[in-house]
Amino acid sequence: MIYAGLDAGSRTIKLVTFDSAVREAAVTETGVSSLQRCRELLSGKEYDKLVVTGYGRHLVAPVLQGEVISEITAFAVGARYLFPECHLIIDIGGQDSKVILLSEKGTVQKFEMNDRCAAGTGKFLEVMADTLEVDISEIGNLALSALKSIRINSLCTVFAESEVVSLIARGEKSNDIALALHEAIASRIGTMVKRVGIKEKIVFAGGGSYNKCLGKLLEDKLERNVIVPDAPQTVGALGAALMAKRGIKGK
Amino acid sequence: MTNDNVQMWEKLDIDMKPHAMLMTALGPMYQEIYLAQENRPEGMGFYDMVVGDIHGIRVRELHEHSKTGGKVVATYCVFVPEEIVWAAGGIPVGLCAGTQFSIPIAESVLPRNTCALIKSSFGFKLGRICPYVQVSDLIVGETTCDGKKKMFEILGLHHQVYVMEVPNKKTPASRQLWLDEVNDFKDVIEDLTGNKVTAENLKEAIDNVNRRRQALKRLYHLRKVRPVPISGKDALLVTQVSFYDDVKRNTEMINKLCDELDQRVKAGGGVAPADAKRILVSGSPIAIPNWKLHHIIESAGAVVVGEESCTGTRFFSDLVESSGDGLDAQIKAIADRYMNIHCACFTPNEERLDDIVRMAKEYQVDGVVHYHLQFCHTYATEAVQVEKRLEEEGIPLLRIETDYGDEDTGQIKNRVDAFLEMI
């Protein structure tokens, strides 16, 4: 049997197929039609059972004859599979960020989500990268080259953007500003971790974890090592595929 | 929408265009959230009829009452002792304040970072889109939060407003203050109606309101059964409608519904499967037509079996127990009963935490969803204590902060789905 896990996220769609190990993993942009992109991603792929997670799950699953699971459960299952010792997951996605505390058995014990606005999410960094005229893939390295620390007070994307504009106008260097922005996110995530309680080992996943600076700042803030999986974006899709294999209880 | 209604609304100085938009929006929303439910009790037919003509039937009764010189007293809060209004021949109506629709109007005056309930209620008056507000002779406010307190001052520029002071502590001095407030309220109502509150008419009013409370208690008691015989949405609607319907008719309707539910329970029938996750909702009031949270929870396959809120148990769980005869003893009994509402405006408010834990057990819940409106500081901050207490008791909790808008529905669904998978 081949199990497919689809993570229909707000910014990207991720697919993992699994039999006794991961067969393949793929990532694509969500664009304007989540369903269309999901179909494209699945076309030509062999699978017997599909589980959909992510923001678009309720839209996509009925059409593609899949079952649904929340991202929280999907990340918990995916991260535990990759790192059996994992007890805390930090996910910085395109439109939300979450912190999940796992029990010894690997079930979700507590979670915190930051989803009311772009603050502390990948979108926040995207907007700021634009303002600083760097590519999103480069903003982390830019921040790592900072020489001094400035403080950004606003976590609201709109306000932070105007704060950045004022900092530019004040003659602050873009690398220093970039670091300040990363620190603002790390601090927000740090607060969420405090709410659920800190426990090792910590897995940092989602698109945000490609950002080396965020990883480093989180380690500083939490005073713990933070593990980034090899394919951090597909942890949720992997979890969904594993749930397809396990069978979703009660559904 | 009948011509009679239109004429009546015009007489009540309703701003017809936005009002028509509001009425048009409500129908499909009710269809989707309520009528599409399966296996509903027949007794809900009355409520479907009431909501189907939400600004018609009942407003007409109030309007007729007005025409013959009767007074209508509008309230926003479960602290205003309705018995006194009934006793003096007035009709109390709890105003709704539960829709996004009136909020942009309110935001032209009030600060945006004010809770949705305050903005919605104020917007209804400012925009002249609620016939219940328009038909009322007096709006009675209270001091249960700072936002409301200040809003009532501004509302007073547009309508006759009287504010009762609800104390913040439960000391003997606070109780005395509240007793004085209830007595003053009696005077205000007597002046307004031109009728005296007597031991006789007050006794009748107390009995009538108590009977409705008992009927609601009966309904909630039935929700403790597994499988639950009525959906959380339907039960919530019954409570919401109780705020503005005639007390005697409403009592009769609730009891009729409960008779049906009794039969259902005897036959082992339920509205959701016996293994559906059972949820207690606790927190800020959920005013009509704010069905958002219940709809999300029940659409996810769980069932809401209780509300620890002002549109739930805080509205009816205690009766007025008049021990002695005579007006003074009755007023004292009324004051005591209302002081026993465990609102987050009090400090400390440990009793509310006890209530939540007790209800979680009695209603056999799998988890509690703590609901508070954005910028509702009392409930938002008290949620910290709720979380701590429930953690000690081993009861899972999900905290939801939201308002009346739909834009965060997806995010709330996410959290609710994850919570249901977790518990």
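Here are some short exercises on a two-chain structure, each with a worked solution.

**Before you start**

This is a predicted model, in which local features need pLDDT of at least 70 and side-chain atom pairs count only at pLDDT 80 or more, while totals for chains, interfaces and linings use all residues. Residues are numbered from 1 along each chain as its sequence is written, with chains lettered from A and ligands numbered from 1 in the order in which they are written.

**Exercise 1. Find out how many helices and strands chain A has, and whether its radius of gyration agrees with a compact globule.**

Step 1. Count the elements: chain A has 9 helices and 10 strands. Helices (H or I, at least four residues) and strands (E, at least two) are DSSP runs, numbered from the N terminus.

Step 2. Look at the radius of gyration, taken over C-alpha atoms; the globule rule is 2.2 Å times the number of residues to the power 0.38. For 251 residues a compact globule would have a value near 18 Å, and chain A agrees because it has 18 Å.

Step 3. Add the extents: the C-alpha trace of chain A spans about 60 × 40 × 25 Å along its principal axes.

Step 4. Finish with burial: 48% of the 251 residues of chain A count as buried. A residue is buried if 20 or more other C-beta atoms lie within 10 Å of its own, exposed if 12 or fewer, and partly exposed in between, with C-beta atoms placed from the backbone.

**Exercise 2. Follow strand β4 of chain A and name its partners.**

Step 1. Check the surroundings: 4 of the 5 residues of β4(A) (residues 49–53) are buried, so this strand is largely enclosed by the rest of the structure.

Step 2. Recall that strands of a sheet pair through backbone hydrogen bonds, either parallel or antiparallel. Two strands pair if DSSP finds at least two bridges between them.

Step 3. Take one partner: strand β1 (residues 3–8) of chain A runs parallel to β4(A), joined by 5 bridges. Here Ala4(A) stands opposite Leu50(A).

Step 4. Take another partner: β5 (residues 67–68) of chain A is also parallel to β4(A), with 2 bridges. In this pair, Val52(A) stands opposite Val68(A).

**Exercise 3. Which strands lie at the edges of the 5-stranded open sheet in chain A?**

Step 1. Write down the order, which is β8-β7-β6-β9-β10 with mixed pairing.

Step 2. Pick the strands that pair on one side only: these are β8 and β10 (226–227) of chain A.

Step 3. Look at one pair: β9 (residues 202–205) and β10 of chain A run parallel and share 2 bridges. Val203(A) has Ile227(A) as its bridge partner.

**Exercise 4. Describe how helix α11 of chain B sits among its neighbours.**

Step 1. Compare the length: α11(B) (residues 199–222) has 24 residues and reaches 34 Å from its first C-alpha to its last, close to the 34 Å expected at 1.5 Å a residue. The expected span is 1.5 Å times one less than the number of residues.

Step 2. List buried residues: among them are Leu202(B), Ala205(B), Ile206(B) and Val209(B). An α-helix has 3.6 residues a turn, so residues three or four places apart point the same way.

Step 3. Ask what covers the buried residues: the cover includes α12 (232–242), α13 (247–266) and α16 (327–339) of chain B.

**Exercise 5. Where do chains A and B touch?**

Step 1. Count the contacts: 11 residues of chain A are in contact with 9 residues of chain B. Two residues are in contact if their C-beta atoms, placed from the backbone, lie within 7 Å.

Step 2. Name the elements: α3 (71–82) and β8 (108–114) of chain A each supply at least two residues of the side that touches chain B.

**Exercise 6. Locate two unusual backbone spots in chain A and describe them.**

Step 1. Find the cis peptide bond: one joins Glu200(A) and Lys201(A), with omega about -5°. Lys201(A) has its place in the loop between α7 (174–196) and β9 of chain A.

Step 2. Find a positive phi: Glu223(A) is not a glycine, yet its phi is near 55°. Glu223(A) belongs to the loop between α8 (212–222) and β10 of chain A.

Step 3. Is Glu223(A) buried or exposed? Glu223(A) is exposed, because 7 other C-beta atoms lie within 10 Å.
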